[in-house]
Amino acid sequence: HTKFRNVPALNEAHPKPLVWIHPDDALGQRIDSGDEVVVRSASSDFTGEALVTEDVPTGAIQIDFGWGNPGDGAQNVNRLSTDDERDPVSGAMPSRSIPVGVTKARSEPINI
C-alpha cells in the first residue's frame, strides 16, 4: 500500500511500480523485463518497469497496487482512470478494467 512508500529500505528494494505484461504482448512492442514502459489511457499516462510473465493473460496488463501518494511526486496509477463514470449502486469508480496501451519508453528518439 502507499503508506509504505516512505520506508527507505522498501523503496530501495522496489523503487518502481511493476507493469506485468504477457510475453506475447511484450514481443510485439519489443519489451523485456526491466524495461521502462509507458502505460497510456484516455485520461493520462503512467511509467513503470516491465515484468514479462505468463502470470497475466494476453491482451491485459497488471500494475502493482499502491502506487500513488498524493503530493509525493511519484507515479500515480490512479491517473489512468477518471471518476466520470461511477457504479450506480456503490458509487465506486472503475479501477479494474481501464482500456490502455503499453509502449517501451525510449530515452533517445528513433530515426526512421
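Which residues does Asp35 touch, not counting those up to four places away in sequence? In this predicted model, the answer is Arg30, Gly48, Glu49, Ala50 and Lys104. Asp35 itself is found in the loop between helix H2 and strand S2. Asp35 is buried, because its relative accessible area is 16% and the cut-off for buried is under 20%. One of its contacts is polar: the side chain of Asp35 meets the side chain of Lys104 at 3.4 Å.

Arg30 shares this setting. Its place, too, is in the loop between H2 (23-29) and S2. Arg30 is exposed, with a relative accessible area of 68%; the cut-off for exposed is over 50%. The backbone of Arg30 is also notable for its phi, which is near 55°. That is a positive value in a residue other than glycine.

The strands come next. Five of them form an open sheet with mixed pairing. Their order is S4-S1-S3-S2-S5. Strands S4 and S5 (101-104) stand at the edges. Each has a single partner strand, so one side of each is left without a neighbour in the sheet. From one strand to the next, the twist averages 40°.

Both kinds of pairing can be followed from S3. Strands S1 and S3 run parallel and are joined by four bridges. Val19 stands opposite Ala50 in S3. Ile21 has Val52 as its bridge partner in S3. Strands S2 and S3, in turn, run antiparallel, and five bridges join them. Here Glu36 stands opposite Glu49 in S3. Glu49 is also among the residues that Asp35 touches.

A hairpin joins S2 to S3 through four residues. Ala42 lies in the loop between these two strands. Is Ala42 buried or exposed? At 89% relative accessibility, Ala42 counts as exposed. Ala42 and Pro99 are 57 residues apart along the chain. Their C-alpha atoms are nevertheless separated by 7.8 Å.

Another loop links S3 to strand S4 (61-63), and Asp55 lies in it. Asp55 is exposed, with a relative accessible area of 61%. Asp55 and Trp20 are 35 residues apart in sequence. In space, the distance from C-alpha to C-alpha is 8.0 Å.

Which residues make up the largest nonpolar core? There are eleven in all: Val19, Ile21, Ala26, Ile31, Val37, Val39, Phe46, Ala50, Ile63, Leu80 and Val102. Strands S1 (18-21), S2 (36-40) and S3 (45-52) each supply at least two residues of this core. In a regular strand, side chains alternate between the two faces of the sheet. Two of the core residues, Val19 and Ala50, have already appeared as opposite positions in S1 and S3. Ala50 is also touched by Asp35.

Ile63 gives a closer view of the core. Neighbours within four places in sequence are left aside here. Ile63 is then in contact with Leu18, Val19, Val39, Phe46, Val77 and Leu80. Among these contacts, Val19, Val39, Phe46 and Leu80 are members of the core, as is Ile63.

Terms used:
Residues are numbered from 1 along each chain as its sequence is written. This is a predicted model: local features need pLDDT of at least 70, side-chain atom pairs count only at pLDDT 80 or more; totals for chains, interfaces and linings use all residues. Side-chain values use heavy atoms; hydrogens and water are left out. A nonpolar core is a set of buried Ala, Val, Leu, Ile, Met, Phe, Trp, Tyr and Cys residues joined through side-chain atoms within 4.5 Å. Buried means under 20% relative accessible area, exposed over 50%, partly exposed in between (1.4 Å probe, protein chains only). Contact means heavy atoms within 4.5 Å. A polar contact is a pair of N or O atoms within 3.5 Å; within protein, one must be able to donate a hydrogen and the other to accept it, and residues adjacent in sequence count only if both atoms are side-chain atoms. Two strands pair if DSSP finds at least two bridges between them. Axes are lines fitted to C-alpha atoms, for helices over the stretch in contact, and angles run from 0 to 180 degrees between N-to-C directions.
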